[in-house]
Amino acid sequence: MEDLLYESMDATQAADALDAYLAERGPALQQLRAALADHGLDPEEMLDGSVYSLSPLWAWITARAAELGTDPQTLAEDPTRSTWPSWARHGRLVDPHPPAATLALIDGFVSYLADVLTTQVPEAVWQVGHHRIADYPMLHYPVLAAGRHEVFLPAMPLYSAYQSAHGRNPMSGTEMLTHVRRTIAALRGEDASAAAGDEPPVTVVAEVDCFDLGLRADIAEQHPQLVEELIEDLCDRDGVAAVHRYGSAALVVDAPEWDEMRLKLWCTLWLQRHLPR
């Protein structure tokens, strides 16, 4: 099961993957502490357990990810793959990808983030991602859940690290802090739009030589300009040849180098970052 994708797992494999993910949290946090100390920073000061501490911590990790850039080897050729955190080996990374050092920093951040979130929301529990809707971007992923809201913690940090590695616009420390506060509100059930979870923001169906991409109706109706920005950013991605809009909430995406899951995850994370709350 070493490199089996989460969405391809059965229930037993997903449960084992959750156990593996949780077992990695402590060592990953210790590795982050060591990395901070190696760069002249005080781990006790940087990791004081407050929600606000996530902002300067993420700003430092973002700067390091930009310095480290992308790995010159492909995913298939990278000899460090066996050392990656399990969520990276079972997830959908794409080339050019961040190197192992960046993935380790993200892993440490995710561990610290988990500690902060579970302190703020004690009722949150770890579980295997599931939903009554089959087209669910976190199916079988290890998620932190409370009520009807589930969150896969590495998703947004990984998305931003890719931005840094490619010299694009990553999430700032302030943006990450805002994202974390929204996540806390959703886990507490205080953010009705995030906690509802009745319909995913994006559905993707693979067709011959293209993808049909559908946006949730309220997104297209309430944020038409945001849809145009989504199209513009998507067209700018490597491997995306064209995006055509044939309805208020319907797109055709010509991306021969992408697959269905990659497109769905990219759009889901983009909307999570840009939708107003």
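This note walks through a sheet, the helices beside it and one pocket in a predicted model.

1. The sheet is open and is built from four strands in the order 4-5-7-6, with antiparallel pairing. Strand 4 and strand 6 (242-247) stand at the edges, and each has a single partner strand, so one side of each is left without a neighbour in the sheet. From one strand to the next, the twist averages 25 degrees.

2. Strands of a sheet pair through backbone hydrogen bonds, and they may do so in a parallel or an antiparallel way. Here strand 4 (residues 202-207) runs antiparallel to strand 5 (residues 210-215), and six bridges join them; among the residues involved, Thr 203 has Gly 214 in strand 5 as its bridge partner. The two strands form a hairpin with two residues between them, and in the turn Asp 209 has a positive phi of about 70 degrees.

3. On to the next pair: strand 5 is joined by four bridges to strand 7 (residues 250-254), again in an antiparallel arrangement, and Asp 212 has Val 252 in strand 7 as its bridge partner. Helix 11 (residues 224-235) packs on the sheet, where it touches strand 5, strand 6 and strand 7, while helix 12 (residues 260-274) lies across strand 4, strand 5 and strand 7, running at about 155 degrees to strand 4.

4. Which residues line the second largest pocket? The lining includes Glu 24, Gln 31, Trp 84 and Asp 107, and by class it has seven nonpolar, two polar and two charged residues. Helix 6 gives the largest share of this lining, four residues, and the space in the pocket is about 170 Å³.

Note on methods: Residues numbered from 1 in each chain as written. Predicted model: local features only at pLDDT ≥ 70, side-chain atom pairs only at ≥ 80, totals over all residues. Heavy atoms only, no water. Pairing = 2+ DSSP bridges. 1 Å grid on protein atoms, 1.4 Å probe; cavity = no way out; pocket = protein on both sides within 12 Å on 5 of 7 lines; lining within 4 Å. Points joined across faces, edges and corners; volume = space filled by probe spheres on them. Nonpolar A, V, L, I, M, F, W, Y, C, P; charged D, E, K, R; others polar. Axes fitted to C-alpha atoms, helices over the stretch in contact; angles between N-to-C directions. Contact = heavy atoms within 4.5 Å.
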